Amino acid sequence: MRNVRRWGPGLLLVSPSIVLIAVFVYGLIGWNVKVSLSDWRQAEQTTGWAGLAAYRDLNSDPAWDESVHHILVFTGTFIVGALLFGLLLAFLLEKGVRGEGFFRSVYIFPLAVSFIAAGVVWRWLMNPAPGDRASGLNVAFDKLGVGFLANDWYLDQEWGMAAMAMPAIWALSGYIMALYLAGFRGVPEELREAARMDGASEWRVYRHVVFPHLRPVTLSALIILGHISIKVFDLVVAIGGKQLITQTPAVYMWILIYDAHDYAMGAAIATLLLIGISVLIIPYLVYTVRSEQRA
Amino acid sequence: MSTATTPAPPIPTPMRLGRRRRVGRTSARVLKLGAIVFFVVLFLTPLYILVVTSFKEAAETDPAHAWSLPSVWTFDAWRQAWTLLSPNLTNTFKLVIPATVISTVLGSLNGFVLSKWRFPGSDIVFTLFLFGMFIPYQAVMIPLTTLLADIHFPDQIPRLAFAHIVYGIPITTLIFRSYYATIPEELMEAARMDRAGMLRSYWSVVLPISAPAFVVTAIWQFTSIWNDFLFAVFIISDPAKWPITVAVNNTAGSLVTPYNLQMSAALLASLPTLVVYILLGRYFMRGLMAGALKG
């Protein structure tokens, strides 16, 4: 406390941000939980206590089941796809090629484009319409003589959300590539060289020396992709709109609030999203900050 | 990030490498380059479609010409998009510029204190900030819109800007804190020897060398606020005040809109962030790596 003259001004300078984060992140999260436990089920705000009613209603709501099913298919496809493509692209570039900077920029550029704008072109690419309303990949397949590949894309009953993950993979693989590229280049060259001297083939060098070094990168990438995926919203709205067939929890929440004015149920979904993401993020944050302190 | 930039030492080729192996290496290299180029084409395909379709006449966007270049290049769709969307572009600029500037300045002050002028508990404060970066914003959306209305916060665009500033604090603080952590302690000590207080040290020691971090942060904020859809769709109710993303989704994104107009609208909405990316991609990358925490 004697040193308050020393650290006091610092605390004072950060205090506006501390207050803002305290109120608008933590305070509003608490408020949202409260709304989810209230009886605010119409446009006019009410604050009566309703316990877990909204959660129970969600639990017996077929549209919610659909949303959960959709987000699981989407997340699985998206994470596996972005990890694989990211790793592959990094593998292709890691030893350095002429023009590497250009290639990297191309792989990463989708990240500078909004999901709304990307959605416009991907909806064209994945257009399932037949006849003279057709476009995109189905038309291309037809022209290339592989018309049997044409399909319903994001409107497919079973696997539509896997198609929906394609634009997301396109958008995020470059990011994952950048993470892996940094990982590849963090492997000390002496280690690879030592393995080669022992007569290991290039493949075995990767398998036993390089890839094990990439595990922490994979963990970070998983968490980044996972938290993006669980709350996916813009992309789905841009491509599928408000259709039930592409509805995700975040989209359902939006519909509940704007069309059904069911605030308690919307807040319940928001709370569940937060819990889902916190399970991923909190251990990761604690681990990151701790390892930084140890360093 | 520091590990990423270490150039790999040239790999000495062991003499005992047989001829067959060397041939194998060359073909492997050709194969790799082929794959790299293949992915470049794949990644740029959506951009190709956006560009060529936006310069077509509406009649030429039929399935037969879906993938071909325009037979007549016309600016019609661009002109239409401009007429339709220029008010929304103005809205977005009015939103993005103040929000980017303010959140970047806040990030710089916070980052400075949390790395160079710490107070007891500053690491906990930082961790609590970071969590705010990962939350699904759905979890604060209902109370946020309610609260801003209840306290009669200036309507529409100022509200949206305020939201972006508050929820931008975690990422901007993170980028600056990591950057300032690389400033040698001796520099700070020297300032202390001169009995410089906190603000003097910030102003005359830290700020003059902060330019790169300002660029990285400003680009990051510019891009994410420009591309935001979620906050805008919840906070802005007056269509005249819609930022570009919402406008693109609602008007040009409608299914009855001809493809050439959809694409020119999507491109128009993406041009500013794309230009920034092309000119300052290096800094964009750094923000990206900071966003992954461990970078």
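In which helix of chain B is the place of B:I169? The place of B:I169 is in helix 5 of chain B, which covers residues 157-180, and this residue is taken up again below, after the model as a whole has been described.

## Model and confidence

The structure is a predicted model, and its overall scores are an ipTM of 0.93 and a pTM of 0.91. Chain A averages a pLDDT of 93, with 99% of the residues scoring at least 70; within this chain, confidence is highest in helix 3 of chain A, at a mean of 97, and lowest in helix 13 of chain A, at a mean of 90.

For chain B the mean pLDDT is 89, and 90% of its residues reach 70 or more. Residues 1-17 of chain B have a pLDDT below 50, and this stretch has 12 contacts in the model beyond near neighbours in sequence.

## Architecture of the two chains

Chain A has 13 helices and zero strands, while the secondary structure of chain B comes to 11 helices and, again, zero strands. Buried residues make up 46% of the 295 residues in chain A, and the corresponding share for the 295 residues of chain B is 46%.

Contacts within the chains often bridge long stretches of sequence: among those in chain A between residues at least 6 apart, 70% join residues at least 24 apart, and in chain B residues 24 or more positions apart account for 79% of the contacts with a separation of 6 or more. The radius of gyration of chain A is 24 Å, whereas a compact globule of 295 residues would have a value near 19 Å, and the C-alpha trace of chain A spans about 80 × 75 × 30 Å along its principal axes.

## Where the chains meet

The contact between the chains takes 76 residues from chain A and 76 residues from chain B. On the side of chain A that touches chain B, helix 1 of chain A (residues 4-36) gives the most, with 17 residues, and by class this side has 57 nonpolar, 14 polar and five charged residues.

The largest nonpolar core holds 180 residues, of which A:V121, A:Y180 and B:A266 touch the most other members; helix 7 of chain A (residues 160-185) gives the most to this core, with 18 residues. Leaving aside residues up to four places away in sequence, B:A266 touches A:A117, A:V120 and A:V121 from chain A, and B:L50, B:V248 and B:A252 from chain B.

## Helices 3 and 5 of chain B

Helix 3 of chain B, residues 122-134, has 13 residues and reaches 19 Å from its first C-alpha to its last, close to the 18 Å expected at 1.5 Å a residue. Its buried residues are B:V125, B:F126, B:F129, B:L130, B:G132, B:M133 and B:F134. What covers these buried residues includes helix 1, helix 10 (215-230) and helix 13 (263-294) of chain A, together with helix 2 (76-116) and helix 5 of chain B.

B:I169, in helix 5 of chain B, counts as buried because 25 other C-beta atoms lie within 10 Å, where 20 or more are required. Not counting residues up to four places away in sequence, B:I169 touches A:S17, A:L20 and A:I21 of chain A as well as B:S103, B:L106, B:G107, B:N110 and B:F129 of chain B. B:F129 is also one of the buried residues of helix 3 of chain B, and another of them, B:M133, is 36 residues from B:I169 in sequence and 8.2 Å from B:I169 in space, C-alpha to C-alpha.

## Helices 12 and 3 of chain A

Helix 12 of chain A, residues 249-258, is mostly covered, with eight of its 10 residues buried; these are A:P249, A:A250, A:V251, A:Y252, A:M253, A:W254, A:L256 and A:I257. The covering elements include helix 3 (62-93), helix 11 (234-240) and helix 13 of chain A, together with helix 4 (138-150) of chain B.

Helix 3 of chain A also contains A:G76, which counts as partly exposed because it has 14 C-beta neighbours inside 10 Å. A:G76 and A:G226 are 150 residues apart in sequence, and their C-alpha atoms are 9.2 Å apart in space.

Conventions
Residues numbered from 1 in each chain as written. Chains lettered and ligands numbered in written order. Predicted model: local features only at pLDDT ≥ 70, side-chain atom pairs only at ≥ 80, totals over all residues. Helix = DSSP H or I, 4+ residues; strand = E, 2+ residues; numbered from the N terminus. Buried ≥ 20, exposed ≤ 12 C-beta atoms within 10 Å, placed from the backbone. Contact = placed C-beta atoms within 7 Å. Nonpolar A, V, L, I, M, F, W, Y, C, P; charged D, E, K, R; others polar. Expected span 1.5 Å × (residues − 1). Core = buried A, V, L, I, M, F, W, Y, C linked by C-beta atoms within 7 Å. Rg over C-alpha atoms; globule rule 2.2 N^0.38 Å. pLDDT = per-residue confidence, 0-100.
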